[in-house]
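Here is a short report on one protein chain. Look over the sequence and the model before reading on.

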Amino acid sequence: MTTDSPSRRSPRDRIVDAARGLFRKHGVRGVGVDAIVDAADSNKMTLYRHFSSKDDLIVECLRRAGMEMDAYWRELEEAHPGDGLAQLRDWVRRIADHLGANDCNCELMSAAVQLTDEDHPARSVIKKFKDAQRDHVLELCRKARVANAELLCDTLLLLIEGARLHQQSSGHEGPSARFAEIADAAILSFAESSAVAE
């Protein structure tokens, strides 16, 4: 598979890619337009031709981050066709791997923390992504045929958010390093309750 060289990508794509990289590293509030156009080997005129404002660029960056997750859910289904419990446990393992990576950063969660203005246009993108994520996880829980799928779904989502926040304040050591173990124990506990009920 060949990848496009930076010079062959469109100016818009170069700007978005550069902005996403900088936002992941420094946060959406910590990066100015000058740094973005420098990293994209572009200029302000080109940036503003494609995006009416930095906020508009932030929205596009978050949209792309959310769209990348669509393939992720398909991969889980393809890896474990028809096995909801295996898909759910694999999802937990993949989240744990991501949390263990040195460059772990959820673009949408990071932006949500920084963009406190409820009227910011990115807030609706973040909410849409989070709602879709919950829908996907809830579907996995239901396919796993566990007792109280909604409670397990919300338990896992809160565990992820807690692990990410703990990691930001305390690094990779401590409770966040045990996310996979804790989440898998929760899944198996709900699955066992379901088996007993049957």
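## A term to start with

A cavity is a set of grid points where a 1.4 Å probe fits but cannot get out, and its lining residues have an atom within 4 Å of a point. Rolling a probe the size of a water molecule over the atoms shows where empty space is left. The model described here is predicted.

## The enclosed space

The chain has one cavity of 30 Å³ or more. About 80 Å³ of space lies in this largest cavity. Its lining is made of 11 residues. Phe 23, Arg 24, Val 28, Leu 62 and Glu 107 lie nearest the centre.

Three elements each give two or more residues to the lining of the largest cavity: α1 (11–26), α4 and α6 (107–114). The biggest share comes from α6, with four residues. By class, the lining holds five nonpolar, three polar and three charged residues.

## An open pocket

The second largest pocket holds about 310 Å³ of space. It is lined by 14 residues. Nearest its centre lie Arg 63, Gly 66, Met 67, Lys 128 and Phe 129.

Two helices, α4 (54–79) and α7 (121–143), each give two or more residues to the lining of this pocket. α4 gives the most, with seven. Eight of the lining residues are nonpolar, three are polar and three are charged. Helix α4 thus appears in both linings: that of the largest cavity and that of the second largest pocket.

## The fold as a whole

What is the chain built from, helices or strands? It has nine helices and zero strands. From the N terminus on, the elements run α-α-α-α-α-α-α-α-α.

Many contacts link distant parts of the sequence. Among contacts between residues at least 6 apart in sequence, 62% join residues at least 24 apart.

## Surface and burial

The chain has 198 residues, and 40% of them count as buried. Its accessible surface comes to about 11,200 Å². Carbon and sulfur atoms account for 51% of that surface.

## The cysteines

How many disulfides does the chain have? The count comes to zero. Cys 153 is in no disulfide, and the nearest cysteine sulfur, that of Cys 141, is 5.2 Å away. A disulfide needs two cysteine sulfur atoms within 2.5 Å, so this pair does not qualify.

Are Cys 61 and Cys 153 buried or exposed? Buried means under 20% relative accessible area. Cys 61 has 1% relative accessibility, so Cys 61 counts as buried. Cys 153 has 0%, so Cys 153 counts as buried too.

Key:
Residues numbered from 1 in each chain as written. Predicted model: local features only at pLDDT ≥ 70, side-chain atom pairs only at ≥ 80, totals over all residues. Heavy atoms only, no water. Buried < 20%, exposed > 50% of the residue type's maximum accessible area, 1.4 Å probe, protein only. Contact = heavy atoms within 4.5 Å. Areas by Shrake-Rupley, 256 points an atom, 1.4 Å probe, with all protein chains shown as cover. 1 Å grid on protein atoms, 1.4 Å probe; cavity = no way out; pocket = protein on both sides within 12 Å on 5 of 7 lines; lining within 4 Å. Points joined across faces, edges and corners; volume = space filled by probe spheres on them. Nonpolar A, V, L, I, M, F, W, Y, C, P; charged D, E, K, R; others polar.
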